[in-house]
Each structure stands twice: as structure tokens, then as C-alpha cells.
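Please open the model in your viewer and keep the selection tool at hand, as the stops below are meant to be taken in order.

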Amino acid sequence: MPVTPEHIRSAAAAIDGLIRHTPVIDLGGEEFGIDGSLALKLEQLQHSGTFKGRGAAHFLATQPIGAAGVVAASGGNHGVAVAWAAQRAGFTANIFVPTISAPAKVARLRTYGAIVHQVGDVYGESLDASRAFQSESGATSIHAYDDPVVMAGAGTCGLEFDEQAPGLDTIFIACGGGGLAGGVASWFGTRTQIVVCETEGTAAYAKAREAGLPVDVDVSGLAADALGATRIGDAPWEALSSVDAASILVTDEELAAAKNRLWDQLRIVVEPSAATPLAALLSGRWPVPAGGRVGLILCGANTAIT
């Protein structure tokens with residue numbers, strides 16, 4: 001079932017008071033070499049450290065949860081969000097993460113009281129293990145991105161951004177499994193150009209565009225722990241393909257440089273994956289319209305500060 005703006009408005013009402021309305025800062029485009037203006041949505045300030053707090057809060061607020069609590073598989077950030085939302089709601093959370101998950105994310109999972117299972121080398125293997133656990137335990141499974149309830153929650157980031165920075169021509173969004181990108185695309189539709197930003201080692205949407213449907217991809221590189229879905233979700237793919245979202249791939253070197261530039265110029269700390277939109281913008285691979293208004297979503301900051 002497609003996620004619509006009406007679903008996203010309903011989600012926003014359901015999680016009002018549970019999540020933070022994160023700020024937006026406006027910049028002159030000259031700071032980053034574009035002929036126009038730039039708006040940065042500081043979603044890294046969200047509860048649990050990423051946009052994923054929105055989807056997890058929406059699921060816990062609207063879906064029935066049994067006595068066995070919840071289970072989720074994650075590269076780290078979705079698990080942290082589910083653990084945060086479950087602790088707040090009084091449920092046990094079993095979280096499955098791959099061995100490549102950043103230690104900072106695993107540590108944060110435990111601060112929210114989650115039972116952590118490190119299984120497999122990549123997200124897909126953790127997902128399989130979580131499904132086996134769910135079938136045995138009866139816990140309620142919360143998918144990281146391929147669930148309309150979770151995606152509608154993520155889409156509230158787009159609704160907020162639209163209200164805070166009206167008139168955006170283009171929005172650059174990082175993409176792993178596609179929950180945030182798909183949710184934002186579901187809100188804006190075709191009235192704003194959506195540019196999906198991935199790394200060469202986490203190219204699930206780019207490969208799906210080439211094939212015309214979701215396909216499995218190999219995962220590697222600097223953003224693998226957060227953007228390392230082995231296949232884009234069906235619901236996000238439907239949302240993104242319906243608006244003909246563009247695709248840009250960046251290198252790990254470009255990603256690291258963008259992350260450092262956010263700190264050097266703005267004193268903003270993000271995890272590597274969250275710098276993917278800026279890396280894509282700085283790459284010049286998408287022609288920003290002269291005098292345009294460009295939005296970037298900085299989606300997370302679950303990283304060590306040293």
C-alpha cells in the first residue's frame with residue numbers, strides 16, 4: 001500500500017510530543033559553491049541520533065505489541081531507534097546487528113536497555129537471524145525501512161522540512177534501504193526534485209534504477225554500517241521510482257571530505273553516511289539550477305567524536 005501525504009500527516013499527529021522537531025539552518029550557496037540558497041535539516045539532533053526515531057516512534061505508538069516485546073535488524077541506527085522507542089514505551093527490545101556495526105552504535109543500543117545480538121557480516125544476515133528469532137519468540141518485528149508505518153514516520157521529516165523551508169527546488173537525501181528517501185518522496189511527490197545519494201559501495205537504489213527493479217548488491221566501504229542494505233525496499237522503490245528520483249554515487253574519499261567540511265565550516269558533527277548528500281552536492285554531478293533553493297537532510301550522528 002503506497003504511503004501518501006495523508007498517511008504522513010496522520011503519522012505526524014501520532015508522534016507529536018514523542019519526537020523532536022529538528023531545526024533547519026539557511027546558508028548562502030556560495031559557502032558550498034552553488035548559485036542559490038541552501039537549507040540544512042539537522043535531523044542528526046533527533047531522539048536516538050537519527051531520523052529513524054520517527055519511524056520507530058510511529059510504529060510503537062500505533063501498532064499492537066505483545067508481551068514478548070519487539071525485535072529489529074539494523075546496521076545500527078534503526079536498532080538504536082527501536083531500542084529508544086521501546087524503552088520509552090516499556091517494552092523489551094531484541095536488536096540484531098551485523099559485526100560491521102560501529103562500536104558507538106552498539107554501545108548506544110545498550111544504553112537504551114536493548115538485548116544486542118551481533119550476527120552476520122552484513123545487514124541481510126542480521127535480518128535473517130532476527131526473523132528466526134521472531135518466529136520462535138513471538139516478538140513483534142519492526143523492519144528498518146520496508147514497512148509503510150515506518151516509512152510514513154520517516155516521511156514526517158519531509159513534512160517538517162517543507163514547512164520550515166518552503167519552496168525547495170531540490171532535496172538531496174542519503175539512501176540505504178530507502179525508508180527516509182521514500183518517505184520524503186512520498187511527501188513531496190513530483191513538485192520537488194528528489195536526488196538519492198549513495199556511495200559506490202552502498203548503491204542499492206542506483207542498481208535498482210539500472211535494472212528497473214530492486215536487486216541484490218554487494219556492500220562495502222565507509223557508509224556500509226548505515227547505508228548497507230543489500231537491496232532497496234519494495235515500498236521505498238515504489239515511492240522513489242514513481243517520482244523518477246535521480247541517483248548520484250560518491251566515493252568514500254568524497255564522503256570523508258564532506259564530513260570533514262561540515263565540521264570545518266559549520267562545526268556540525270555527523271556520521272559518515274549522513275554526509276552523503278553534501279558529498280553528492282559538492283561533486284557537481286547534479287546540475288543545481290541557477291538561483292535555486294536546495295535542501296539537504298543530515299540524517300544522523302551516531303558516531304564517536306574522536
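Where is the place of Ser 48? Select Ser 48 and you will find it in the loop between strand E2 (36–41) and helix H2 (52–62), where helices (H or I, at least four residues) and strands (E, at least two) are DSSP runs numbered from the N terminus. This is a predicted model, in which local features need pLDDT of at least 70 and side-chain atom pairs count only at pLDDT 80 or more, while totals for chains, interfaces and linings use all residues. Residues are numbered from 1 along each chain as its sequence is written, and side-chain values use heavy atoms, with hydrogens and water left out.

Most residues other than glycine have a negative phi. Ser 48, although not a glycine, has a positive phi of about 75°, and Ser 48 is buried, with a relative accessible area of 1%; buried means under 20% relative accessible area, exposed over 50%, and partly exposed in between, using a 1.4 Å probe and protein chains only.

Go next to Arg 267, in the loop between helix H11 (252–266) and helix H12 (276–283). Arg 267 also has a positive phi, of about 60°, without being a glycine, but Arg 267 is exposed, at a relative accessible area of 52%. In the loop between H11 and H12 you can also select Val 269, which counts as partly exposed at 35% relative accessibility.

For the salt bridges, select Asp 26 and Arg 293, whose closest N and O atoms are 3.0 Å apart; a salt bridge is a side-chain nitrogen of Lys or Arg within 4 Å of a carboxyl oxygen of Asp or Glu. Asp 26 lies in strand E1 (residues 24–28) and Arg 293 in strand E10 (residues 292–297), so the pair ties together parts that are 267 residues apart in sequence. Of these partners, Asp 26 counts as partly exposed at 48% relative accessibility, whereas Arg 293 counts as buried at 18%.

Then move to helix H8 (residues 204–211), where Lys 207 and Glu 210 lie three residues apart, about one turn of the helix, and where their side chains meet in a salt bridge (4.0 Å, N to O). Lys 207 counts as partly exposed at 36% relative accessibility, and Glu 210 as exposed at 65%.

As a last selection, take Arg 231 and Asp 216, a salt bridge with its closest N and O atoms 3.0 Å apart. Arg 231 is partly exposed, with a relative accessible area of 35%, while Asp 216 is exposed, at 56%.
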